[in-house]
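I am opening a fresh notebook page for this structure. My plan is to look up a few elements and write down what turns up.

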Amino acid sequence: MERLLIKETTNYAGQKVTVAGWVNVRRAHGKILFIDLRDRSGVLQCVFLPNNKEAYDSAQEIRAEWVVELTGEIVKRPEKMVNPEIKTGTVELVVEGVKILSKAQTLPFDIGTNGMEINEEIRMKYRYLDLRRERMKQNLIMRHSIITFIRNFLSKEDFIEIETPIITKSTPEGARDFVVPSRLHAGKFYALPQSPQQYKQLFMVASLEKYFQIARCFRDEDQRGDRQMEFTQLDLEVSFVEREDIMELIERMIIELVKTQTPNKKIQEIPFPRIAYKESMEKYGSDRPDLRKDKTEANLLAFCWVIDFPFFEKTEEGGWTFTHNPFSAPKSEYMQDLMDKKNIGDIVTSQYDIALNGFEIGGGSIRNHNPEALKKVFEIMGYKDAEIQEKFGHMLEAFGFGAPPHGGIAWGLDRLISILQGEPNIREVIAFPKTGDGRDLMMNAPSEIYPKQLKELHINIDVLKSKAVVKKSKKK
(Lines give C-alpha, C1' and ligand atoms only; values in the text may rest on other atoms or scores of the structure.)
Protein backbone atom coordinates (compact mmCIF):
# COMPACT_ATOMS: atom_id res chain seq x y z
CA MET A 1 0.00 0.00 0.00
CA GLU A 2 1.35 3.43 -0.98
CA ARG A 3 2.51 5.66 1.85
CA LEU A 4 0.25 8.59 2.76
CA LEU A 5 1.53 11.89 4.13
CA ILE A 6 0.25 12.50 7.63
CA LYS A 7 -1.35 15.84 6.70
CA GLU A 8 -3.58 14.01 4.21
CA THR A 9 -5.04 11.52 6.72
CA THR A 10 -8.00 13.76 7.64
CA ASN A 11 -9.40 13.05 4.16
CA TYR A 12 -9.26 9.24 4.60
CA ALA A 13 -11.63 8.54 7.53
CA GLY A 14 -12.95 4.98 7.28
CA GLN A 15 -10.14 3.89 4.95
CA LYS A 16 -7.07 1.73 5.44
CA VAL A 17 -3.78 3.62 4.92
CA THR A 18 -0.05 3.32 5.43
CA VAL A 19 1.94 6.11 7.09
CA ALA A 20 5.62 6.31 7.97
CA GLY A 21 7.82 8.60 9.99
CA TRP A 22 9.49 9.20 13.34
CA VAL A 23 8.06 8.36 16.73
CA ASN A 24 7.48 11.56 18.68
CA VAL A 25 6.47 9.79 21.86
CA ARG A 26 5.02 6.48 23.05
CA ARG A 27 2.58 6.49 25.96
CA ALA A 28 0.13 4.11 27.68
CA HIS A 29 -3.40 4.76 28.92
CA GLY A 30 -4.38 1.65 30.78
CA LYS A 31 -4.01 -1.25 28.36
CA ILE A 32 -4.17 0.98 25.27
CA LEU A 33 -0.87 2.19 23.78
CA PHE A 34 -0.47 5.41 21.80
CA ILE A 35 2.28 6.60 19.47
CA ASP A 36 2.43 10.11 18.09
CA LEU A 37 3.94 9.65 14.65
CA ARG A 38 5.68 12.55 12.90
CA ASP A 39 6.64 13.17 9.30
CA ARG A 40 7.51 16.41 7.55
CA SER A 41 3.86 17.30 7.08
CA GLY A 42 2.55 16.85 10.62
CA VAL A 43 1.81 14.60 13.61
CA LEU A 44 -0.76 11.79 13.86
CA GLN A 45 -1.99 9.93 16.93
CA CYS A 46 -1.77 6.16 16.39
CA VAL A 47 -3.65 3.69 18.63
CA PHE A 48 -2.57 0.15 19.49
CA LEU A 49 -5.28 -2.14 20.90
CA PRO A 50 -4.58 -5.42 22.75
CA ASN A 51 -6.88 -7.40 20.42
CA ASN A 52 -4.33 -6.90 17.60
CA LYS A 53 -1.61 -8.82 19.43
CA GLU A 54 1.17 -8.62 16.82
CA ALA A 55 0.98 -4.85 16.40
CA TYR A 56 0.42 -4.36 20.13
CA ASP A 57 3.49 -6.40 21.06
CA SER A 58 5.62 -4.49 18.52
CA ALA A 59 4.56 -1.20 20.08
CA GLN A 60 5.96 -2.33 23.44
CA GLU A 61 9.46 -2.25 21.91
CA ILE A 62 9.24 1.03 20.01
CA ARG A 63 10.99 4.10 21.41
CA ALA A 64 11.19 7.80 20.58
CA GLU A 65 12.76 8.74 17.23
CA TRP A 66 12.58 5.23 15.80
CA VAL A 67 11.50 5.22 12.19
CA VAL A 68 8.43 3.06 11.65
CA GLU A 69 5.79 2.27 9.05
CA LEU A 70 2.25 1.79 10.36
CA THR A 71 -0.79 0.40 8.56
CA GLY A 72 -4.37 0.60 9.78
CA GLU A 73 -7.72 2.37 9.55
CA ILE A 74 -8.20 6.11 9.92
CA VAL A 75 -11.11 6.75 12.30
CA LYS A 76 -12.70 9.95 13.53
CA ARG A 77 -12.06 10.82 17.16
CA PRO A 78 -14.99 11.30 19.51
CA GLU A 79 -15.84 14.99 19.80
CA LYS A 80 -14.48 15.20 23.35
CA MET A 81 -11.16 13.64 22.22
CA VAL A 82 -10.47 16.08 19.36
CA ASN A 83 -7.05 17.74 19.67
CA PRO A 84 -7.19 21.29 18.27
CA GLU A 85 -3.41 21.70 18.73
CA ILE A 86 -2.58 19.59 15.66
CA LYS A 87 -3.99 19.65 12.13
CA THR A 88 -4.86 15.95 12.30
CA GLY A 89 -6.53 16.30 15.68
CA THR A 90 -9.95 15.14 14.42
CA VAL A 91 -8.71 11.66 13.44
CA GLU A 92 -6.42 8.86 14.60
CA LEU A 93 -4.96 5.68 13.15
CA VAL A 94 -6.01 2.33 14.62
CA VAL A 95 -2.88 0.32 13.93
CA GLU A 96 -3.08 -3.14 12.42
CA GLY A 97 0.47 -3.59 11.10
CA VAL A 98 3.90 -2.38 12.20
CA LYS A 99 7.21 -2.34 10.37
CA ILE A 100 10.28 -1.06 12.21
CA LEU A 101 12.44 0.65 9.57
CA SER A 102 15.21 2.00 11.78
CA LYS A 103 16.08 2.12 15.49
CA ALA A 104 17.50 5.24 17.14
CA GLN A 105 19.96 5.80 19.95
CA THR A 106 19.11 8.32 22.65
CA LEU A 107 19.43 11.78 21.09
CA PRO A 108 22.09 14.16 22.51
CA PHE A 109 19.40 16.78 23.18
CA ASP A 110 15.66 17.32 23.30
CA ILE A 111 14.16 18.22 19.91
CA GLY A 112 10.73 18.96 21.38
CA THR A 113 11.76 22.47 22.48
CA ASN A 114 12.70 25.49 20.36
CA GLY A 115 16.35 24.62 21.00
CA MET A 116 17.44 28.01 22.32
CA GLU A 117 18.35 26.55 25.71
CA ILE A 118 20.88 24.17 24.14
CA ASN A 119 24.55 25.00 23.53
CA GLU A 120 24.73 26.16 19.91
CA GLU A 121 27.91 24.24 19.12
CA ILE A 122 26.20 20.99 20.17
CA ARG A 123 23.23 21.87 17.97
CA MET A 124 25.55 22.52 15.02
CA LYS A 125 27.49 19.30 15.57
CA TYR A 126 24.24 17.33 15.34
CA ARG A 127 22.55 19.68 12.89
CA TYR A 128 20.67 16.86 11.15
CA LEU A 129 18.94 16.22 14.49
CA ASP A 130 18.48 19.91 15.27
CA LEU A 131 16.60 20.26 11.98
CA ARG A 132 14.01 17.77 13.23
CA ARG A 133 12.61 20.35 15.65
CA GLU A 134 9.48 22.12 14.41
CA ARG A 135 10.91 25.63 14.52
CA MET A 136 13.89 24.75 12.36
CA LYS A 137 11.75 22.79 9.92
CA GLN A 138 9.39 25.73 9.51
CA ASN A 139 12.33 28.09 8.93
CA LEU A 140 13.53 25.99 6.00
CA ILE A 141 10.00 25.61 4.63
CA MET A 142 9.56 29.40 4.76
CA ARG A 143 12.94 29.85 3.08
CA HIS A 144 11.76 27.63 0.24
CA SER A 145 8.46 29.50 0.02
CA ILE A 146 10.13 32.92 -0.16
CA ILE A 147 12.62 31.82 -2.81
CA THR A 148 9.80 30.28 -4.84
CA PHE A 149 7.85 33.56 -4.60
CA ILE A 150 10.89 35.53 -5.80
CA ARG A 151 11.44 33.22 -8.75
CA ASN A 152 7.80 33.41 -9.80
CA PHE A 153 7.58 37.19 -9.32
CA LEU A 154 10.68 37.96 -11.37
CA SER A 155 9.78 35.43 -14.06
CA LYS A 156 6.46 37.28 -14.53
CA GLU A 157 8.50 40.49 -14.82
CA ASP A 158 10.35 38.91 -17.78
CA PHE A 159 13.61 38.21 -15.91
CA ILE A 160 15.84 35.28 -16.85
CA GLU A 161 17.45 33.17 -14.11
CA ILE A 162 21.06 32.43 -15.09
CA GLU A 163 23.78 30.69 -13.08
CA THR A 164 27.27 32.14 -12.85
CA PRO A 165 30.56 30.32 -12.13
CA ILE A 166 31.60 29.36 -8.62
CA ILE A 167 35.25 28.95 -9.62
CA THR A 168 36.42 32.31 -10.94
CA LYS A 169 39.19 34.95 -10.75
CA SER A 170 40.42 36.72 -7.64
CA THR A 171 39.64 40.45 -7.80
CA PRO A 172 39.54 43.11 -5.05
CA GLU A 173 35.87 43.51 -4.06
CA GLY A 174 36.08 44.57 -0.43
CA ALA A 175 36.75 41.30 1.43
CA ARG A 176 39.25 38.46 1.23
CA ASP A 177 38.68 35.84 -1.42
CA PHE A 178 38.58 32.13 -0.78
CA VAL A 179 41.25 30.88 -3.17
CA VAL A 180 41.37 27.51 -4.93
CA PRO A 181 44.74 26.15 -6.11
CA SER A 182 44.91 24.87 -9.66
CA ARG A 183 46.25 21.36 -10.23
CA LEU A 184 46.61 21.85 -13.99
CA HIS A 185 48.19 25.30 -13.81
CA ALA A 186 50.93 25.15 -11.18
CA GLY A 187 51.23 28.20 -8.95
CA LYS A 188 47.96 29.73 -10.11
CA PHE A 189 44.70 30.07 -8.22
CA TYR A 190 41.00 30.44 -8.80
CA ALA A 191 38.76 32.25 -6.32
CA LEU A 192 35.23 31.68 -5.07
CA PRO A 193 32.95 34.63 -5.89
CA GLN A 194 32.21 37.26 -3.26
CA SER A 195 29.25 38.09 -5.49
CA PRO A 196 28.35 37.60 -9.18
CA GLN A 197 28.94 41.34 -9.71
CA GLN A 198 31.11 41.24 -12.81
CA TYR A 199 29.30 38.34 -14.44
CA LYS A 200 25.89 39.96 -14.09
CA GLN A 201 27.17 43.16 -15.68
CA LEU A 202 28.60 41.13 -18.53
CA PHE A 203 25.12 39.66 -19.06
CA MET A 204 24.01 43.23 -19.76
CA VAL A 205 26.78 43.62 -22.35
CA ALA A 206 25.53 40.32 -23.79
CA SER A 207 22.10 42.02 -24.34
CA LEU A 208 20.18 39.71 -21.97
CA GLU A 209 18.76 42.85 -20.27
CA LYS A 210 17.00 41.26 -17.27
CA TYR A 211 18.94 38.76 -15.12
CA PHE A 212 18.47 37.31 -11.66
CA GLN A 213 19.95 34.48 -9.62
CA ILE A 214 19.64 32.95 -6.17
CA ALA A 215 23.40 33.19 -5.79
CA ARG A 216 25.86 31.57 -3.42
CA CYS A 217 28.55 34.02 -2.28
CA PHE A 218 31.80 33.49 -0.37
CA ARG A 219 33.88 35.88 1.73
CA ASP A 220 36.90 34.93 3.84
CA GLU A 221 36.23 37.42 6.59
CA ASP A 222 37.50 37.46 10.15
CA GLN A 223 35.05 36.53 12.89
CA ARG A 224 32.31 39.18 12.77
CA GLY A 225 29.31 38.25 14.88
CA ASP A 226 26.25 37.40 12.84
CA ARG A 227 28.04 36.71 9.54
CA GLN A 228 28.69 33.59 7.51
CA MET A 229 31.60 32.84 5.20
CA GLU A 230 29.12 31.51 2.64
CA PHE A 231 25.71 33.05 2.23
CA THR A 232 22.86 33.44 -0.26
CA GLN A 233 21.81 36.50 -2.21
CA LEU A 234 19.01 37.42 -4.52
CA ASP A 235 21.10 38.99 -7.26
CA LEU A 236 19.61 40.91 -10.20
CA GLU A 237 20.61 43.32 -12.94
CA VAL A 238 18.61 45.27 -15.54
CA SER A 239 19.56 47.26 -18.64
CA PHE A 240 18.24 50.66 -19.72
CA VAL A 241 17.14 51.70 -16.23
CA GLU A 242 17.62 54.52 -13.78
CA ARG A 243 17.73 54.37 -9.99
CA GLU A 244 13.98 54.86 -9.64
CA ASP A 245 13.22 51.84 -11.83
CA ILE A 246 15.21 49.43 -9.64
CA MET A 247 13.87 50.86 -6.40
CA GLU A 248 10.26 50.68 -7.63
CA LEU A 249 10.66 47.04 -8.70
CA ILE A 250 12.25 45.96 -5.42
CA GLU A 251 9.78 47.87 -3.25
CA ARG A 252 6.83 46.35 -5.12
CA MET A 253 8.31 42.86 -4.82
CA ILE A 254 8.97 43.19 -1.08
CA ILE A 255 5.46 44.51 -0.38
CA GLU A 256 3.92 41.58 -2.26
CA LEU A 257 6.31 39.11 -0.60
CA VAL A 258 5.33 40.24 2.91
CA LYS A 259 1.64 40.27 1.99
CA THR A 260 1.62 36.71 0.61
CA GLN A 261 4.33 34.95 2.63
CA THR A 262 4.11 36.56 6.07
CA PRO A 263 0.62 38.11 6.29
CA ASN A 264 0.98 38.43 10.07
CA LYS A 265 3.64 41.08 9.51
CA LYS A 266 2.81 44.77 9.07
CA ILE A 267 4.86 47.20 6.98
CA GLN A 268 5.05 50.47 8.89
CA GLU A 269 5.15 52.86 5.94
CA ILE A 270 4.45 52.54 2.20
CA PRO A 271 6.07 53.81 0.07
CA PHE A 272 9.30 53.14 1.93
CA PRO A 273 10.91 56.31 3.36
CA ARG A 274 14.09 57.59 1.68
CA ILE A 275 16.94 59.01 3.72
CA ALA A 276 20.19 60.52 2.48
CA TYR A 277 23.32 58.91 3.94
CA LYS A 278 24.41 62.18 5.58
CA GLU A 279 21.03 62.68 7.28
CA SER A 280 20.92 59.06 8.41
CA MET A 281 24.34 59.30 10.06
CA GLU A 282 23.57 62.64 11.71
CA LYS A 283 20.09 61.69 12.93
CA TYR A 284 20.47 57.98 13.73
CA GLY A 285 24.23 57.41 13.87
CA SER A 286 23.86 54.58 11.35
CA ASP A 287 23.46 54.03 7.61
CA ARG A 288 20.92 51.28 8.37
CA PRO A 289 18.51 53.06 10.73
CA ASP A 290 15.81 51.32 12.72
CA LEU A 291 12.72 53.44 12.03
CA ARG A 292 10.18 51.34 13.95
CA LYS A 293 7.82 53.56 15.90
CA ASP A 294 7.19 50.71 18.34
CA LYS A 295 10.23 48.46 18.77
CA THR A 296 8.28 46.12 21.06
CA GLU A 297 5.94 45.13 18.24
CA ALA A 298 7.49 41.90 16.92
CA ASN A 299 5.53 41.90 13.65
CA LEU A 300 6.31 45.50 12.65
CA LEU A 301 8.55 45.94 9.60
CA ALA A 302 10.12 49.36 9.02
CA PHE A 303 11.76 49.36 5.59
CA CYS A 304 13.64 52.39 4.30
CA TRP A 305 15.98 53.35 1.48
CA VAL A 306 19.32 55.01 2.20
CA ILE A 307 20.67 56.97 -0.78
CA ASP A 308 23.35 59.47 -1.79
CA PHE A 309 26.37 57.70 -0.31
CA PRO A 310 29.90 59.08 -0.71
CA PHE A 311 31.65 57.17 -3.50
CA PHE A 312 35.09 57.07 -1.85
CA GLU A 313 36.51 56.99 1.66
CA LYS A 314 40.03 57.27 3.00
CA THR A 315 42.04 54.13 3.75
CA GLU A 316 44.22 53.72 6.84
CA GLU A 317 47.23 54.36 4.60
CA GLY A 318 45.79 57.67 3.39
CA GLY A 319 44.67 56.56 -0.05
CA TRP A 320 41.16 56.13 -1.42
CA THR A 321 38.89 53.12 -1.61
CA PHE A 322 35.27 52.65 -2.64
CA THR A 323 32.55 52.64 0.04
CA HIS A 324 30.35 50.06 -1.70
CA ASN A 325 31.28 48.93 -5.19
CA PRO A 326 33.95 50.12 -7.64
CA PHE A 327 31.58 49.43 -10.54
CA SER A 328 29.01 51.96 -9.33
CA ALA A 329 28.46 55.15 -11.29
CA PRO A 330 28.67 58.54 -9.62
CA LYS A 331 25.54 60.66 -9.73
CA SER A 332 25.54 62.47 -13.05
CA GLU A 333 26.42 65.85 -11.54
CA TYR A 334 29.64 64.35 -10.11
CA MET A 335 30.84 62.56 -13.26
CA GLN A 336 33.16 65.40 -14.30
CA ASP A 337 34.84 65.42 -10.88
CA LEU A 338 35.45 61.69 -11.30
CA MET A 339 36.92 62.16 -14.78
CA ASP A 340 39.14 64.98 -13.51
CA LYS A 341 39.98 63.05 -10.29
CA LYS A 342 39.24 66.11 -8.15
CA ASN A 343 37.02 66.76 -5.11
CA ILE A 344 37.19 63.00 -4.58
CA GLY A 345 35.79 63.02 -1.05
CA ASP A 346 32.73 64.95 -2.24
CA ILE A 347 31.74 62.63 -5.09
CA VAL A 348 28.35 61.03 -4.45
CA THR A 349 27.54 57.60 -5.87
CA SER A 350 24.30 56.21 -7.28
CA GLN A 351 24.30 53.54 -4.55
CA TYR A 352 21.00 52.69 -2.85
CA ASP A 353 20.72 50.47 0.23
CA ILE A 354 17.56 49.03 1.74
CA ALA A 355 17.36 48.67 5.52
CA LEU A 356 14.88 46.78 7.70
CA ASN A 357 14.54 47.23 11.47
CA GLY A 358 18.13 48.37 11.83
CA PHE A 359 19.72 45.83 9.48
CA GLU A 360 20.98 46.32 5.93
CA ILE A 361 19.22 43.68 3.83
CA GLY A 362 20.30 44.78 0.37
CA GLY A 363 22.24 47.20 -1.71
CA GLY A 364 22.78 48.15 -5.33
CA SER A 365 23.59 50.94 -7.73
CA ILE A 366 23.45 52.20 -11.26
CA ARG A 367 26.67 50.98 -12.83
CA ASN A 368 29.49 52.82 -14.52
CA HIS A 369 29.21 51.46 -18.09
CA ASN A 370 31.73 53.94 -19.54
CA PRO A 371 35.16 52.21 -19.70
CA GLU A 372 37.10 55.48 -19.46
CA ALA A 373 35.15 56.55 -16.37
CA LEU A 374 35.50 53.11 -14.78
CA LYS A 375 39.25 53.25 -15.29
CA LYS A 376 39.32 56.56 -13.41
CA VAL A 377 37.80 54.81 -10.37
CA PHE A 378 40.67 52.33 -10.27
CA GLU A 379 43.22 55.10 -10.78
CA ILE A 380 41.78 57.03 -7.82
CA MET A 381 42.15 53.84 -5.77
CA GLY A 382 45.87 53.82 -6.60
CA TYR A 383 46.06 51.08 -9.22
CA LYS A 384 48.69 51.43 -11.95
CA ASP A 385 47.79 50.83 -15.60
CA ALA A 386 49.33 47.34 -15.69
CA GLU A 387 47.45 46.27 -12.55
CA ILE A 388 44.18 47.71 -13.83
CA GLN A 389 44.61 45.75 -17.03
CA GLU A 390 45.53 42.54 -15.20
CA LYS A 391 42.63 42.67 -12.73
CA PHE A 392 39.90 44.47 -14.67
CA GLY A 393 40.96 44.48 -18.29
CA HIS A 394 38.22 42.03 -19.24
CA MET A 395 35.55 44.42 -17.94
CA LEU A 396 37.03 47.48 -19.64
CA GLU A 397 37.32 45.58 -22.89
CA ALA A 398 33.74 44.30 -22.64
CA PHE A 399 32.38 47.79 -22.05
CA GLY A 400 34.17 48.92 -25.19
CA PHE A 401 31.92 46.68 -27.31
CA GLY A 402 28.72 48.58 -26.62
CA ALA A 403 27.48 48.42 -23.02
CA PRO A 404 23.97 49.62 -22.18
CA PRO A 405 23.29 51.74 -19.10
CA HIS A 406 22.37 49.28 -16.37
CA GLY A 407 21.93 48.79 -12.66
CA GLY A 408 20.95 46.21 -10.11
CA ILE A 409 20.77 45.14 -6.51
CA ALA A 410 21.51 42.17 -4.25
CA TRP A 411 19.54 41.15 -1.17
CA GLY A 412 20.92 39.15 1.69
CA LEU A 413 18.30 36.40 1.69
CA ASP A 414 19.52 34.86 4.95
CA ARG A 415 19.13 38.17 6.78
CA LEU A 416 15.69 38.95 5.33
CA ILE A 417 14.34 35.49 6.17
CA SER A 418 15.72 35.60 9.71
CA ILE A 419 13.95 38.91 10.38
CA LEU A 420 10.67 37.74 8.87
CA GLN A 421 10.87 34.56 10.96
CA GLY A 422 11.70 36.48 14.12
CA GLU A 423 15.00 34.65 14.55
CA PRO A 424 17.94 36.18 16.48
CA ASN A 425 20.56 35.37 13.83
CA ILE A 426 20.97 34.05 10.30
CA ARG A 427 22.32 30.67 11.47
CA GLU A 428 18.76 29.73 12.45
CA VAL A 429 17.55 29.93 8.82
CA ILE A 430 20.57 28.27 7.15
CA ALA A 431 20.43 24.50 6.90
CA PHE A 432 24.10 23.81 7.68
CA PRO A 433 25.80 26.98 8.97
CA LYS A 434 29.36 27.53 10.14
CA THR A 435 30.44 28.85 13.52
CA GLY A 436 31.49 32.49 13.81
CA ASP A 437 35.11 31.49 13.20
CA GLY A 438 34.26 29.44 10.13
CA ARG A 439 34.18 25.87 11.47
CA ASP A 440 31.77 23.16 10.38
CA LEU A 441 31.43 21.13 13.57
CA MET A 442 29.32 18.44 11.94
CA MET A 443 31.75 17.66 9.08
CA ASN A 444 34.84 18.66 11.10
CA ALA A 445 35.98 21.22 8.55
CA PRO A 446 38.36 22.77 7.76
CA SER A 447 40.62 19.76 7.92
CA GLU A 448 43.99 18.63 6.68
CA ILE A 449 44.29 16.90 3.31
CA TYR A 450 46.48 14.01 2.22
CA PRO A 451 50.12 14.69 1.22
CA LYS A 452 49.32 13.26 -2.22
CA GLN A 453 46.69 15.97 -2.74
CA LEU A 454 49.12 18.69 -1.69
CA LYS A 455 51.69 17.36 -4.13
CA GLU A 456 49.16 17.32 -6.98
CA LEU A 457 48.32 20.95 -6.18
CA HIS A 458 52.02 21.96 -6.10
CA ILE A 459 51.71 23.09 -2.47
CA ASN A 460 54.20 22.72 0.37
CA ILE A 461 53.14 23.41 3.97
CA ASP A 462 55.73 24.27 6.58
CA VAL A 463 53.86 22.80 9.56
CA LEU A 464 56.18 24.21 12.24
CA LYS A 465 56.11 27.68 10.69
CA SER A 466 52.32 27.67 10.24
CA LYS A 467 51.78 26.63 13.87
CA ALA A 468 54.04 29.45 15.03
CA VAL A 469 52.07 31.95 12.96
CA VAL A 470 48.80 30.71 14.46
CA LYS A 471 50.15 30.99 18.02
CA LYS A 472 51.44 34.49 17.34
CA SER A 473 48.08 35.65 15.92
CA LYS A 474 46.23 34.23 18.95
CA LYS A 475 48.45 36.27 21.31
CA LYS A 476 47.41 39.39 19.46
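Which residue just after H5 takes a positive phi? I looked it up: Ser207 does, at about 70°. I note here that the model is predicted.

**Entry: the whole chain**

I began with the overall picture. The protein chain has 13 helices and 19 strands. Its C-alpha trace spans about 90 × 60 × 45 Å along the principal axes. Of the 476 residues, 44% are buried. I then checked contacts between residues at least 6 apart in sequence, and 65% of them join residues at least 24 apart. The accessible surface is about 25,700 Å², and carbon and sulfur atoms account for 51% of that. I also looked up the charges. There are 70 positive and 71 negative ones, and their mean positions lie 5 Å apart.

**Entry: helix H5**

I went back to H5, which covers residues 197–205. Its buried residues are Gln197, Gln198, Lys200, Gln201, Phe203 and Met204. What do they pack against? I found two strands, E9 (210–218) and E10 (230–239), then helix H10 (385–399) and strand E19 (406–412). I added a reminder to myself: an α-helix has 3.6 residues a turn, so residues three or four places apart point the same way.

**Entry: helix H11**

Next I took H11, residues 413–420. Eight of the eight residues are buried, so the helix is largely enclosed by the rest of the structure. Charged names appear in the list of buried residues, which includes Asp414 and Arg415. Leu413, Leu416, Ile417 and Leu420 are also among them. Just after H11, I noted a positive phi of about 70° at Gly422.

**Entry: strand E14**

E14 runs over residues 303–307. Five of the five are buried, so this strand too is largely enclosed by the rest of the structure. Which way do its residues point? Phe303, Trp305 and Ile307 go one way, while Cys304 and Val306 go the other. In a regular strand the side chains alternate between the two faces of the sheet.

I then looked up the partners of E14. Strand E12 (274–276) pairs with E14 in the parallel sense, over three bridges. Here Arg274 has Trp305 as its bridge partner. Strand E17 (352–356) runs antiparallel to E14 and is joined to it by five bridges. On that side, Trp305 stands opposite Ile354.

**Entry: Asp36**

Last, I picked Asp36, in strand E2 (32–39). Is Asp36 buried or exposed? Its relative accessibility is 17%, so Asp36 counts as buried. Leaving aside neighbours within four places in sequence, I listed its contacts, including Trp22, Asn24, Arg27, Val43 and Gln45.

Methods
Residues numbered from 1 in each chain as written. Predicted model: local features only at pLDDT ≥ 70, side-chain atom pairs only at ≥ 80, totals over all residues. Heavy atoms only, no water. Buried < 20%, exposed > 50% of the residue type's maximum accessible area, 1.4 Å probe, protein only. Helix = DSSP H or I, 4+ residues; strand = E, 2+ residues; numbered from the N terminus. Contact = heavy atoms within 4.5 Å. Pairing = 2+ DSSP bridges. Areas by Shrake-Rupley, 256 points an atom, 1.4 Å probe, with all protein chains shown as cover. Lys, Arg positive; Asp, Glu negative; His and termini not counted. Charge placed at Lys NZ, Arg CZ, Asp CG, Glu CD.
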